[in-house]
Structures are given as structure tokens and as C-alpha cells.
Amino acid sequence: MSNIKNVAIIGASGSLGSVVFEKLVASGKFHVRVLKRVGSSSKFPPGTEVVEVDFDSLDSLKSALSGQDALVSTVSSGGLERQKTLIDAAIAAGVKRFIPSEFGSDLGNPNARKLPVYGHKVAVQEYLVEKAKTTGITYTLIYNNAFLDWALKHKFILDVSSDKPTIIDGGNKPFSTTTLSTVADAVLGVFGRLEETKNRGVYIQDAVITQNQILEMAKKAAPNRSWDVVHVKLDDLTAGADAKLAKGDYSMETFVPYLYRAVLDPAYGGNFTGKTDNELLGIKEMSEAAVFEVVKSFV
């Protein structure tokens with residue numbers, strides 16, 4: 001497969017997309033084209049090629065993707081299902097490699113795949129896999145399990161900004177976690193290893209850690225806080241989510257417990273130990289001291 005030179009990115013102003021965009025540009029290896037929604041107020045550095053697109057229009061997307069070798073989608077949950085149109089446009093425009101907005105739990109795991117929170121991702125993935133069988137497009141799915149920095153900032157894997165952090169099922173279940181920066185490194189790594197990453201999922205991590213280990217780091221960073229831990233059961237959280245879904249509540253608050261299930265329950269594949277593609281993609285795991293610094297920055 002020929003080298004990737006021209007890369008289009010969607011979602012470049014988001015939490016992950018902005019980091020991926022910056023690293024693509026900083027590498028000096030690619031000409032980067034940003035696709036943004038018509039009327040979007042997102043701003044990018046001078047000299048950036050920005051194309052306004054109607055994401056519901058196949059023709060608009062096809063035109064915007066003309067001449068592009070690869071497409072990276074970092075769209076948020078609201079835009080996941082629209083990626084099917086994106087795939088069709090990429091195929092029509094001759095895009096060689098598509099990296100969809102995966103960036104999370106291991107959807108190669110059959111249990112995780114069935115969780116209601118991943119319905120749109122699974123549908124897009126299945127559509128992409130079928131299209132790759134009969135067209136010229138190829139794909140790579142990047143699995144990083146729980147974000148480290150983003151999740152701490154948004155109080156997901158543990159609220160270290162609070163004196164009452166919530167520990168789930170005792171807090172000793174190890175899970176893989178990855179920073180936004182390392183996920184961006186993985187995107188660049190894929191473009192450098194096209195054949196080895198063709199039409200499959202790749203697994204990356206910065207560290208394998210537990211909630212209790214994060215809690216101990218937070219206590220070390222702020223020893224004078226009370227740290228009155230709240231203990232909850234994952235089964236109770238997901239049972240509550242099931243009840244909300246049954247009532248038609250599709251809010252993000254409803255879906256969060258399923259994310260915890262995918263990250264923390266060993267049967268759902270959230271520990272990537274022994275199966276990562278770190279070496280292939282040129283990714284080195286973080287030291288405990290480096291993880292501590294990340295945790296400390298959010299305490």
C-alpha cells in the first residue's frame with residue numbers, strides 16, 4: 001500500500017480531535033485538511049486548509065474528500081451514526097484508509113459489543129467491514145479503553161477533585177488507560193504501518209491501573225484532604241441504567257454505567273495486558289511517576 005500524504009480529519013476542534021490534528025501537523029509528514037460543519041465557529045491556525053461540509057450530503061462530503069489518502073474521524077457520540085455517509089463518500093473519493101471514531105473499549109469483545117452504549121459504533125463498524133470487502137477502502141480501529149487525562153478531567157474513572165470519590169466493586173480491578181496524546185501518536189503510528197494495521201483493530205495503552213491505585217496517587221498529591229470514599233456496586237449501577245432505558249431515558253447519564261462495565265469488568269475486555277500493539281505503533285508505556293503527574297494535575 002502506498003504512503004499516506006494527504007489526511008482529512010473530522011472533529012478537529014474536539015478534545016481528542018484537536019490533539020490528533022496538532023500531532024498530524026507537527027509531524028511534518030502530512031498535508032492536513034480539516035472538514036468542519038457549515039456554519040461552525042471552530043477556528044484553526046493560519047495556513048490550515050479548512051473545508052466547510054454538509055455532513056448529511058454525500059456529494060458535499062465526496063467533494064471535500066477529493067484527493068485525500070486517509071480520513072480520521074474523531075466525532076463525538078452525536079455524530080457516530082453519520083459516519084456511514086462518511087464511509088460512502090470516502091469510497092467514492094478514493095480514500096485509502098479510514099480511521100473511524102472508535103477510540104475506546106474493546107468492541108472485539110462480544111460482551112462489550114452488546115452493551116447499549118455502543119450501538120452506533122457497532123453499526124458503523126459492521127458497515128465499514130462489509131464495504132472494505134468489496135471496495136478499495138481499508139480501515140483501522142483504534143482501541144485505547146479508558147482515556148486517562150480526559151477521564152480524570154471529566155470525573156469518569158475517578159473524581160479526584162472531590163473529597164468523596166466513588167469506588168466501584170472494591171476498586172481493585174485493573175484496566176487499561178491511555179492519554180489523548182498517546183491516542184494521537186497511535187494514529188500517526190497506523191499511517192506508518194499501513195499493511196500491519198490493515199482492516200483490523202489495534203490495541204494501545206499508557207498503563208494498566210486500578211481505581212484504588214489512582215486514589216492512592218490522589219491522596220499522595222493532597223494528603224490533607226479527608227478522602228471519604230463512597231463504595232458502590234457495578235451491578236447496581238447498570239441495573240439502574242437498565243431501568244432508565246426501559247423508560248426511554250437515553251441521556252448520557254443513563255449510558256455511563258455501561259461504560260464502567262466495559263472498562264472495569266474483566267469479562268468485557270478492558271485490560272489489554274498481553275495484546276497491545278504499542279511496539280508496532282512506536283508507543284511506550286508511561287512510568288508510575290508519569291501517571292502520578294497526570295493524576296496530580298487534576299487533584
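**Exercise 1. Classify Gln213 in this predicted model: is Gln213 buried, partly exposed or exposed?**

Step 1. Start with the location: Gln213 sits in helix H8.

Step 2. Look up the relative accessibility of Gln213, which is 40%.

Step 3. Compare that value with the cut-offs: buried means under 20%, exposed means over 50%, and partly exposed is in between. At 40%, Gln213 therefore counts as partly exposed.

Step 4. Now look across the chain. Gln213 and Asn172 are 41 residues apart along the chain, and their C-alpha atoms are separated by 8.0 Å.

**Exercise 2. Do the same for Ala289: is Ala289 buried or exposed?**

Step 1. Find Ala289 in helix H12.

Step 2. Read off its relative accessible area, 53%. Exposed means over 50%, so Ala289 is exposed.

Step 3. Pick a partner far along the sequence: Met217 is 72 residues from Ala289, yet from C-alpha to C-alpha the two are 9.6 Å apart in space.

**Exercise 3. Describe how helices H8 and H12 pack: at what angle, and with which residues?**

Step 1. Locate the pair: H8 covers residues 211-221 and H12 covers residues 288-296.

Step 2. Take the geometry. The axes are 9 Å apart and the packing angle is about 70°.

Step 3. Name the arrangement. Angles of 65 to 115 degrees count as roughly perpendicular, so H8 is roughly perpendicular to H12.

Step 4. Add the handedness: H8 and H12 cross in a right-handed way.

Step 5. List who touches whom. H8 contributes Ile214, Met217, Ala218, Lys220 and Ala221, while H12 contributes Glu288, Val291, Phe292, Val295 and Lys296.

**Exercise 4. Now try helices H3 and H5: at roughly what angle do their axes cross?**

Step 1. H3 spans residues 83-93 and H5 spans residues 119-134.

Step 2. Their axes come within 9 Å and cross at roughly 20°.

Step 3. Angles under 35 degrees count as roughly parallel, so H3 is roughly parallel to H5. The crossing of these two helices is right-handed.

Step 4. On the H3 side, the meeting residues are Gln83, Lys84, Ile87, Asp88 and Ile91; on the H5 side, they are Ala123, Val124, Tyr127, Leu128 and Lys131.

**Exercise 5. For helices H9 and H10, which hand does the crossing have?**

Step 1. H9 runs over residues 234-246, and its axis is 8 Å from that of H10, at an angle of about 140°.

Step 2. H9 passes H10 in a left-handed crossing.

Step 3. Residues that meet here include Leu237 and Ala241 from H9, and Phe255 and Tyr258 from H10.

**Exercise 6. Explore the largest nonpolar core: how many residues has it, and which helix gives the most to it?**

Step 1. Count the members: this core has 65 residues, and Leu71, Ile157 and Ile214 have the most contacts inside it.

Step 2. Find the top contributor: helix H10 (residues 252-264) gives 7 residues.

Step 3. Check the domains. At least three residues of this core come from each of domain 1 (6-144 + 180-203) and domain 2 (147-176 + 207-272 + 282-297).

Step 4. Zoom in on Leu71. Beyond its neighbours within four places in sequence, its contacts include Ile10, Leu86, Val95 and Phe98. Apart from this core lies another, of 31 residues, with Val7, Leu16, Val190 and Val202 among them.

Step 5. Finish with the domains themselves: their C-alpha centres lie 27 Å apart, and the contact takes 20 residues from domain 1 and 16 residues from domain 2.

Conventions
Residues numbered from 1 in each chain as written. Predicted model: local features only at pLDDT ≥ 70, side-chain atom pairs only at ≥ 80, totals over all residues. Heavy atoms only, no water. Core = buried A, V, L, I, M, F, W, Y, C linked by side-chain atoms within 4.5 Å. Buried < 20%, exposed > 50% of the residue type's maximum accessible area, 1.4 Å probe, protein only. Helix = DSSP H or I, 4+ residues; strand = E, 2+ residues; numbered from the N terminus. Domains from an automatic or database assignment. Contact = heavy atoms within 4.5 Å. Axes fitted to C-alpha atoms, helices over the stretch in contact; angles between N-to-C directions. Parallel < 35°, antiparallel > 145°, perpendicular 65-115°, else oblique. Left-handed = near helix turned anticlockwise from the far one by under 90°.
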